[in-house]
Amino acid sequence: MEKKTVNILGTEYKIEKKAYKDEPVFEKKRIDGYCDSFQKLIVFCDLDTFDRWDDESDMTKRECEKEILRHEITHAFLTESGLADSSNPTDGAWAKNEEMVDWFAIQSSKIFKVFQELDVL
(Lines give C-alpha, C1' and ligand atoms only; values in the text may rest on other atoms or scores of the structure.)
Protein backbone atom coordinates (compact mmCIF):
# COMPACT_ATOMS: atom_id res chain seq x y z
CA MET A 1 0.00 0.00 0.00
CA GLU A 2 1.27 3.40 -0.91
CA LYS A 3 0.91 6.25 1.51
CA LYS A 4 -2.74 7.23 1.70
CA THR A 5 -4.86 9.82 3.41
CA VAL A 6 -8.29 9.00 4.84
CA ASN A 7 -10.97 11.12 6.41
CA ILE A 8 -11.77 10.04 9.97
CA LEU A 9 -14.82 12.01 11.14
CA GLY A 10 -13.64 15.17 9.39
CA THR A 11 -9.94 14.82 10.25
CA GLU A 12 -7.39 13.76 7.66
CA TYR A 13 -5.12 10.90 8.76
CA LYS A 14 -2.09 9.72 6.80
CA ILE A 15 -1.68 5.95 6.54
CA GLU A 16 1.77 4.50 6.03
CA LYS A 17 2.99 0.93 5.68
CA LYS A 18 6.57 0.72 6.93
CA ALA A 19 9.29 -1.89 6.94
CA TYR A 20 9.95 -3.35 10.37
CA LYS A 21 13.53 -2.01 10.51
CA ASP A 22 12.44 1.46 9.37
CA GLU A 23 10.17 2.05 12.37
CA PRO A 24 12.10 1.68 15.67
CA VAL A 25 8.92 1.79 17.76
CA PHE A 26 7.84 -1.60 16.32
CA GLU A 27 10.68 -3.33 18.15
CA LYS A 28 10.88 -0.97 21.12
CA LYS A 29 7.20 -1.37 22.07
CA ARG A 30 6.72 -4.82 20.52
CA ILE A 31 3.91 -3.59 18.29
CA ASP A 32 3.02 -3.98 14.64
CA GLY A 33 1.08 -0.75 14.21
CA TYR A 34 0.03 2.45 15.91
CA CYS A 35 -2.28 5.44 15.67
CA ASP A 36 -0.70 8.79 16.53
CA SER A 37 -3.64 11.09 17.17
CA PHE A 38 -1.39 14.13 17.61
CA GLN A 39 0.30 13.77 14.22
CA LYS A 40 -2.87 12.32 12.64
CA LEU A 41 -0.86 9.34 11.44
CA ILE A 42 -1.57 5.62 11.26
CA VAL A 43 1.41 3.32 10.71
CA PHE A 44 1.41 -0.44 10.24
CA CYS A 45 4.15 -2.97 9.62
CA ASP A 46 4.92 -4.55 6.26
CA LEU A 47 4.94 -8.12 7.57
CA ASP A 48 7.12 -9.25 4.65
CA THR A 49 9.92 -7.31 6.36
CA PHE A 50 9.41 -8.79 9.84
CA ASP A 51 11.41 -12.00 10.33
CA ARG A 52 8.95 -13.44 12.86
CA TRP A 53 6.50 -13.73 9.93
CA ASP A 54 8.90 -15.53 7.56
CA ASP A 55 7.12 -18.88 7.90
CA GLU A 56 3.64 -17.49 7.24
CA SER A 57 1.93 -17.51 3.87
CA ASP A 58 1.48 -14.33 1.87
CA MET A 59 -2.28 -14.65 2.34
CA THR A 60 -1.91 -14.87 6.13
CA LYS A 61 0.37 -11.84 6.18
CA ARG A 62 -2.03 -9.75 4.03
CA GLU A 63 -5.03 -10.67 6.19
CA CYS A 64 -3.11 -9.82 9.37
CA GLU A 65 -2.01 -6.47 7.90
CA LYS A 66 -5.66 -5.69 7.16
CA GLU A 67 -6.60 -6.54 10.73
CA ILE A 68 -3.77 -4.36 12.09
CA LEU A 69 -4.95 -1.49 9.90
CA ARG A 70 -8.59 -1.92 11.01
CA HIS A 71 -7.39 -1.92 14.62
CA GLU A 72 -5.50 1.36 14.23
CA ILE A 73 -8.34 2.96 12.26
CA THR A 74 -10.69 2.01 15.11
CA HIS A 75 -8.37 3.85 17.52
CA ALA A 76 -8.56 6.90 15.23
CA PHE A 77 -12.37 6.83 15.12
CA LEU A 78 -12.62 6.55 18.90
CA THR A 79 -10.14 9.38 19.37
CA GLU A 80 -11.82 11.67 16.85
CA SER A 81 -15.17 10.89 18.51
CA GLY A 82 -13.79 12.38 21.71
CA LEU A 83 -13.90 9.05 23.53
CA ALA A 84 -10.24 8.16 23.92
CA ASP A 85 -8.90 10.08 26.90
CA SER A 86 -11.69 10.62 29.35
CA SER A 87 -13.78 7.49 28.89
CA ASN A 88 -12.70 6.07 32.28
CA PRO A 89 -9.58 7.67 33.69
CA THR A 90 -9.59 5.61 36.90
CA ASP A 91 -8.84 2.25 35.29
CA GLY A 92 -7.60 3.52 31.95
CA ALA A 93 -9.73 4.83 29.13
CA TRP A 94 -12.08 2.13 27.82
CA ALA A 95 -11.75 3.59 24.34
CA LYS A 96 -8.03 2.76 24.39
CA ASN A 97 -8.59 -0.76 25.68
CA GLU A 98 -6.77 -3.08 23.28
CA GLU A 99 -9.22 -5.98 23.67
CA MET A 100 -12.18 -3.78 22.81
CA VAL A 101 -10.41 -2.22 19.85
CA ASP A 102 -9.39 -5.69 18.66
CA TRP A 103 -13.01 -6.81 18.87
CA PHE A 104 -14.13 -3.95 16.64
CA ALA A 105 -11.24 -4.48 14.23
CA ILE A 106 -11.81 -8.23 13.94
CA GLN A 107 -15.60 -8.13 13.75
CA SER A 108 -16.08 -4.98 11.65
CA SER A 109 -15.83 -6.73 8.28
CA LYS A 110 -18.42 -9.31 9.39
CA ILE A 111 -20.74 -6.60 10.68
CA PHE A 112 -20.31 -4.59 7.48
CA LYS A 113 -21.15 -7.69 5.39
CA VAL A 114 -24.44 -8.14 7.29
CA PHE A 115 -25.24 -4.44 6.84
CA GLN A 116 -24.60 -4.80 3.09
CA GLU A 117 -26.76 -7.93 2.86
CA LEU A 118 -29.61 -6.13 4.61
CA ASP A 119 -29.05 -2.91 2.63
CA VAL A 120 -29.02 -0.85 5.84
CA LEU A 121 -26.03 1.37 5.11
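Trainee: Why is C45 called buried in this predicted model?

Mentor: The term buried requires a relative accessible area under 20%. C45 has a relative accessibility of 0%, which is under that cut-off, so C45 counts as buried.

Trainee: What makes Q39 exposed?

Mentor: Exposed means over 50% relative accessible area. Q39 has 57%, and therefore Q39 is exposed. This residue lies in the loop between strand 3 and strand 4. Its C-alpha atom is separated by 8.8 Å from that of K14, although Q39 and K14 are 25 residues apart along the chain.

Trainee: Why is C35 called partly exposed?

Mentor: The relative accessible area of C35 is 22%. This value is neither under 20% nor over 50%, so C35 is classed as partly exposed.

Trainee: How do you know how many disulfides the structure has?

Mentor: A disulfide needs two cysteine sulfur atoms within 2.5 Å. The search of the whole structure finds zero such pairs. For C35, the nearest cysteine sulfur belongs to C45 and is 17 Å away; this is not within 2.5 Å, so C35 is in no disulfide. For C45, the nearest cysteine sulfur is that of C64, at 9.3 Å; this is also not within the cut-off, and therefore C45 is in no disulfide.

Trainee: What makes strand 3 and strand 4 a pair?

Mentor: Two strands pair if there are at least two bridges between them. Strand 3 and strand 4 are joined by four bridges, so they satisfy the criterion. They run antiparallel, and C35 has I42 in strand 4 as its bridge partner. In their hairpin, four residues stand between the strands, and K40 takes a positive phi near 55°.

Trainee: How do you know that strand 1 and strand 2 pair?

Mentor: Five bridges link strand 1 to strand 2, residues 11–19, in the antiparallel sense. Five satisfies the requirement of at least two, so these strands pair. I8, for example, has T11 in strand 2 as its bridge partner.

Trainee: Why are strand 1 and strand 3 said to stand at the edges of the sheet?

Mentor: The sheet is open, with four strands in the order 1-2-4-3 and mixed pairing. Strand 1 (4–8) and strand 3 (33–36) each have a single partner strand, so one side of each lacks a neighbour in the sheet. From one strand to the next, the twist averages 25°.

Trainee: Which strands does helix 2 touch?

Mentor: Helix 2, residues 58–80, packs on the sheet and touches strand 1, strand 2, strand 3 and strand 4. Its direction makes about 165° with that of strand 4. Buried residues of helix 2 include C64, I68 and L69, and helix 3 (98–118) is among the elements that cover its buried residues.

Trainee: How do you know that the span of helix 2 is close to the expected one?

Mentor: Helix 2 has 23 residues and reaches 33 Å from its first C-alpha to its last, against 33 Å expected at 1.5 Å a residue. Just after this helix, G82 takes a positive phi of about 85°.

Trainee: Which residues touch the most other members of the largest nonpolar core?

Mentor: Of its 19 residues, these are F26, Y34, I42, C45, L47 and F50. The elements giving two or more residues to this core are strand 2, helix 1 (24–29), strand 4 and helix 2. Strand 4 gives the most, with five residues.

Note on methods. Residues numbered from 1 in each chain as written. Predicted model: local features only at pLDDT ≥ 70, side-chain atom pairs only at ≥ 80, totals over all residues. Heavy atoms only, no water. Axes fitted to C-alpha atoms, helices over the stretch in contact; angles between N-to-C directions. Contact = heavy atoms within 4.5 Å. Expected span 1.5 Å × (residues − 1). Buried < 20%, exposed > 50% of the residue type's maximum accessible area, 1.4 Å probe, protein only. Core = buried A, V, L, I, M, F, W, Y, C linked by side-chain atoms within 4.5 Å.
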